[in-house]
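Work through the exercises below with the model open beside you. Try each task before you read its solution.

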Amino acid sequence: MNLMEHLPALIIAIPLITAFLTPLVDRASKKARNVLVFISLLITFILVVLLVQRVFDKGIITYVMGASNPTETIPKQAAVPIRIVLEIDGLSAFMLLISIFISFIGLIYSFAHIKEGGGRFYTLFLLMVVGMIGMELTGDLFNLFVFLEILSISSAALIAFEFKRATTIEAGIKYIIISSISALFVLFAVGLFYGEYDLLNMAAIANEIGGALSHIDKIALILLFSAFAMKAGIAPMHMWMPDAYGEAPGAISMVLIATTQASLYALLRVCFTIYNEALHVVFPIALILLGLASIFIGVTMALLQDDIKRLIAYAAVAEVGYIVLAIGAGLYGFLGGGDKFASLEMWKVALKGGIFHIFNDVLDIGLLFLVAGGIIYVTKERSLNKLGGLAHSMKYSSILFLIGLAAVAGLPPMNGFASKIIIYESIYGVSPILSIVAILASIVMLAIFVKIFHAIFTGPKLAEHGEVPKYMLASMIVLAGLIIFFGLFPDIVLKNLVNPAVNALMEYGKYISAVMG
Amino acid sequence: MNENGDRMSIIVQTIASILFPLALIFSFYVIMHGHLTPGGGFQGGAIGASAVALLIVAFGAKYVEGKMEEENLSIFESLGGLVFVIVSILGFFLAATFLTNFLVGEPLFGIIPAWGEAPLNSGGVLPILNLAVGMKVIGGLASVVLILAIASKEGEK
């Protein structure tokens with residue numbers, strides 16, 4: 001038995017088995033439980049790195065559950081893939097790496113502030129990780145729905161985990177309603193596909209669609225598009241994000257960003273792989289407009305907030321807008337829209353910027369959320385009007401916050417600059433107005449964050465506080481280090497991680513032939 | 001509510017205590033025949049949880065919580081999940097891939113007739129997986145019903 005062949009299944013199985021072990025170990029010892037969760041996520045992290053390495057070496061990897069051979073995608077008795085197939089290409093590998101890294105950082109951070117009910121917290125946390133990485137591993141549309149449900153239910157419970165205020169419950173309920181609606185949309189679309197083609201495998205469905213859309217395909221496209229856009233928090237469907245991000249415990253706010261990006265991944269999969277060139281050009285235009293709306297709403301609403309976490313949450317809405325804007329522009333060129341834009345192949349650059357910004361978004365906003373969580377943990381205060389003078393006692397946190405805000409605003413030595421400059425340059429080809437709005441929004445974002453930095457950290461000392469706990473500090477420093485590293489050497493990430501992801505998006509034929517043979 | 005707190009009359013209590021084991025047996029029957037007849041782990045588990053709901057209606061949530069603590073139900077649920085994942089992982093240690101039906105062809109569970117009525121001990125690992133799902137659903141659903149019943153009683157006060 002070659003263990004390397006079973007990596008995709010192990011990556012799902014190890015956190016899952018630990019999730020069920022956690023409540024049992026929790027009764028024996030709290031410390032053993034923390035060690036167990038830490039080790040299991042560490043092992044999963046290592047396995048993901050091995051898998052990503054393998055994908056970059058060998059190309060697309062498939063794994064068939066329950067078959068006599070892990071790569072036997074189409075059984076001998078049938079002409080179509082009927083088993084659950086896990087399929088990992090460059091894009092899945094990129095997303096997997098982000099998800100597991102952010103979960104791992106979030107876990108270390110949570111050791112500092114989860115005191116009561118840890119057994120339940122870590123069970124839910126691991127299930128959330130399973131749902132997230134499962135969505136990125138699977139090549140089966142129904143399986144995607146199942147992992148989406150696992151993700152939704154566990155994250156709704158985690159958002160409402162520290163129920164000290166009524167608004168926390170409200171945020172959890174809002175999230176579960178949005179999730180149920182989008183999950184039902186996805187299920188309906190899966191049902192339509194199954195009725196039409198008798199297939200659930202994404203590659204097989206893409207093969208059947210093959211460039212010509214029936215009416216049922218169009219209905220399924222609208223359902224999938226709106227469901228995943230809703231879960232990814234794109235503009236008119238963003239209203240759950242400030243609540244959920246704002247009320248969730250410190251570490252969860254950051255991991256939630258990675259979970260919304262898993263939905264964004266599903267959206268990309270639907271657009272680029274299942275429908276690919278059969279997509280009407282109105283969809284990329286819709287994505288561009290929704291991205292602009294996200295940026296505009298996120299930035300303007302962030303101006304009005306006085307709750308520190310809600311403010312960062314609105315900034316997160318704007319950051320999602322940048323990703324969607326760039327990906328929309330990329331898809332626009334991919335479908336041949338905008339003659340000059342398509343012929344110059346600027347759309348590939350736009351796509352690169354969008355994919356790169358996925359990583360940068362979760363690092364930047366994640367760091368800000370972690371610092372904000374630390375401030376709330378130490379001072380028990382979340383209103384900007386009542387905070388002040390914290391730089392006297394929290395030196396490290398204030399420096400880290402400064403790094404985070406520079407990165408979100410896209411200032412040069414940080415990673416935010418590296419991806420935003422690519423986005424500004426490339427979307428100029430679609431329309432100069434897009435670049436102008438994007439740059440202006442970044443400037444407003446800088447103004448907002450300078451304002452809240454001033455409100456929280458500068459001024460006279462109001463009360464005596466210590467620095468944040470060392471687990472929190474350690475996880476923040478790792479993120480800040482990566483932000484500066486990616487800002488100084490963006491080529492390393494672009495070449496090794498982003499380019500394979502972009503190529504995987506464009507070469508949908510390979511994704512299909514990896515299953516269909 | 002009568003003088004017995006939230007308990008119902010002696011007639012209901014007696015009938016409930018007679019029906020409870022019968023409902024559990026039926027639940028077990030549906031779970032174990034999951035691979036042969038309609039139903040399976042989830043459906044059988046829901047029947048088992050409804051047996052617990054019957055006890056809650058007849059005896060009151062406080063009494064049932066004293067008899068079967070919510071924590072024990074959670075452990076039962078976790079065990080169900082563990083069994084499922086372990087059996088799936090055994091699939092690639094003993095046979096080919098994750099979730100492979102490695103008991104097919106073995107004498108105890110693996111007899112699969114070519115056509116027609118199958119005996120109970122067919123289906124390989126399916127009955128074990130059904131049992132695991134059943135444990136998970138009984139544990140999960142029963143603790144949800146129990147917690148809701150206790151919470152709504154506390155809300156009335």
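Chain A has 20 helices and two strands, where helices (H or I, at least four residues) and strands (E, at least two) are DSSP runs numbered from the N terminus. The model is predicted: local features need pLDDT of at least 70, side-chain atom pairs count only at pLDDT 80 or more, and totals for chains, interfaces and linings use all residues. Residues are numbered from 1 along each chain as its sequence is written, while chains are lettered from A and ligands numbered from 1 in the order in which they are written.

**Exercise 1. Judge how spread out each chain is.**

Step 1. Take the radius of gyration over C-alpha atoms, and set it against the globule rule, 2.2 Å times the number of residues to the power 0.38.

Step 2. Chain A comes to 22 Å, close to the 24 Å that the rule gives for 517 residues, so chain A is as compact as a globular protein of that length. Its C-alpha atoms fill a box of roughly 75 × 60 × 40 Å along the principal axes.

Step 3. Turn to chain B, with five helices and zero strands. Its radius of gyration is 19 Å, well over the 15 Å from the rule for 157 residues, so chain B is more spread out than a compact globule. The box for its C-alpha atoms is roughly 60 × 30 × 20 Å, again along the principal axes.

Step 4. Now count burial. A residue is buried if 20 or more other C-beta atoms lie within 10 Å of its own, exposed if 12 or fewer, and partly exposed in between, with C-beta atoms placed from the backbone. Buried residues are 59% of chain A and 38% of chain B.

**Exercise 2. Check the length of helix H17 of chain A, then find its packing partners.**

Step 1. The expected span is 1.5 Å times one less than the number of residues.

Step 2. H17(A) has 26 residues, 432-457, so it should span 38 Å; the end C-alpha atoms are 37 Å apart, which agrees.

Step 3. List buried residues of H17(A), including Leu434(A), Met445(A), Phe449(A) and Phe457(A).

Step 4. The buried residues pack against H11, H12, H14, H15 and H16 of chain A. Contact here requires C-beta atoms, placed from the backbone, within 7 Å.

Step 5. Look just past the helix: Gly459(A) has a positive phi of about 95 degrees.

**Exercise 3. Describe how H2(A) meets H3(A).**

Step 1. The axes of H2 (residues 30-58) and H3 (residues 90-113) of chain A come within 10 Å and cross at roughly 160 degrees. That makes H2(A) roughly antiparallel to H3(A).

Step 2. Residues that make the contact include Phe38(A) and Phe45(A) of H2(A), with Leu97(A) and Phe104(A) of H3(A).

**Exercise 4. Place three loop residues: buried or exposed?**

Step 1. Gly466(A) lies between H17 and H18 of chain A. It is exposed, because 8 other C-beta atoms lie within 10 Å. Gly466(A) still touches Val378(A) and Ser393(A), leaving out residues up to four places away in sequence.

Step 2. Lys380(A) sits in the loop between H14 and H15 of chain A. It counts as exposed, with 9 C-beta neighbours inside 10 Å. Its phi is near 55 degrees, positive in a non-glycine residue.

Step 3. Leu99(B) is in the loop between H4 and H5 of chain B. Leu99(B) is buried, because 25 other C-beta atoms lie within 10 Å. Its phi is near 70 degrees, also positive in a residue other than glycine.

Notes. Two residues are in contact if their C-beta atoms, placed from the backbone, lie within 7 Å. Axes are lines fitted to C-alpha atoms, for helices over the stretch in contact, and angles run from 0 to 180 degrees between N-to-C directions. Angles under 35 degrees count as roughly parallel, over 145 as roughly antiparallel, 65 to 115 as roughly perpendicular and the rest as oblique.
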